[in-house]
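Reader: Please examine one part of this structure closely and in a connected way, and state the cut-off behind each term where it is used.

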Amino acid sequence: MSNKIKMNISGMCCQNCSKAIESSLSKFEFISKIEIDPKSGVAEFDIVGRIEENETTVITAITDLGYKVKD
Ligand SMILES: [Cu+2]
């Protein structure tokens, strides 16, 4: 069973930014789907398993790349 989470990422300027985030997040097996729109900053993930813990992991990974996450 997977759950969708949605967040807003700020600091992306182009597709290279969203691609960088996507490739960094692709190492997490609990993410079954990633959709990031660099223009709007909207990011949607399908998460398998415990959502809160995994959401924190995702936010930390994005923040480590230098972008900001807003709920
Ligand atoms: Cu960019």
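Author: The expected span of a helix is 1.5 Å times one less than its number of residues; helices (H or I, at least four residues) and strands (E, at least two) are DSSP runs, numbered from the N terminus. The model is a predicted one, in which local features need pLDDT of at least 70 and side-chain atom pairs count only at pLDDT 80 or more, while totals for chains, interfaces and linings use all residues. Residues are numbered from 1 along each chain as its sequence is written.

The part chosen here is strand E3 (42-48), and the setting comes first. The chain has two helices and four strands, and along the sequence these follow the pattern β-α-β-β-α-β. Its 71 residues would give a compact globule a radius of gyration near 11 Å (taken over C-alpha atoms; the globule rule is 2.2 Å times the number of residues to the power 0.38), and the value of 11 Å for the chain agrees with this. Along its principal axes, the C-alpha trace spans about 35 × 20 × 15 Å. Two residues are in contact if their C-beta atoms, placed from the backbone, lie within 7 Å; among contacts between residues at least 6 apart in sequence, 62% join residues at least 24 apart.

The four strands form an open sheet in the order E2-E3-E1-E4, with antiparallel pairing (two strands pair if DSSP finds at least two bridges between them). E2 and strand E4 (68-70) are the edge strands, each pairing on one side only. From one strand to the next the twist averages 30° (axes are lines fitted to C-alpha atoms, for helices over the stretch in contact, and angles run from 0 to 180 degrees between N-to-C directions). Helix H2 packs on this sheet and touches strand E1 (2-10), E3 and E4, with its direction at about 30° to that of E1. H2 has 14 residues and reaches 20 Å from its first C-alpha to its last, close to the 20 Å expected at 1.5 Å a residue. Just after H2, Gly66 takes a positive phi of about 100°.

On one side, E3 is joined to E2 by five bridges in the antiparallel sense. Ile36 has Ala43 as its bridge partner in E3, and Ile31 has Ile47. The hairpin of these two strands has five residues between them, among which Gly41 takes a positive phi near 80°. On the other side, E3 and E1 pair in the antiparallel sense over seven bridges. There the bridge partner of Asn3 is Ile47, and that of Lys4 is Asp46. Beyond this pair, three bridges join E1 to E4, where Ile9 stands opposite Val69.

In a regular strand, the side chains alternate between the two faces of the sheet. For E3, the covered face carries Ala43, Phe45 and Ile47, whereas the uncovered face carries Val42, Glu44, Asp46 and Val48. A residue is buried if 20 or more other C-beta atoms lie within 10 Å of its own, exposed if 12 or fewer, and partly exposed in between, with C-beta atoms placed from the backbone. Of the 71 residues, 15% count as buried.

A nonpolar core is a set of buried Ala, Val, Leu, Ile, Met, Phe, Trp, Tyr and Cys residues joined through C-beta atoms within 7 Å. The largest such core has ten residues: Ile9, Met12, Ile21, Ile31, Ile36, Ala43, Phe45, Ile47, Val58 and Ile62. Strand E2 (31-36), strand E3 (42-48) and helix H2 (51-64) are the elements that give two or more residues to this core. E3 gives the most, with three residues.

Two residues of the chain show how E3 is approached from outside the strand. Ile31, once neighbours within four places in sequence are left aside, is in contact with Leu25, Phe45, Asp46 and Ile47. Lys33 lies in E2 and, not counting residues up to four places away in sequence, touches Phe45 and Asp46. Lys33 counts as exposed because it has 11 C-beta neighbours inside 10 Å. The C-alpha atoms of Lys33 and Ile47 are 14 residues apart along the chain and separated by 7.6 Å.
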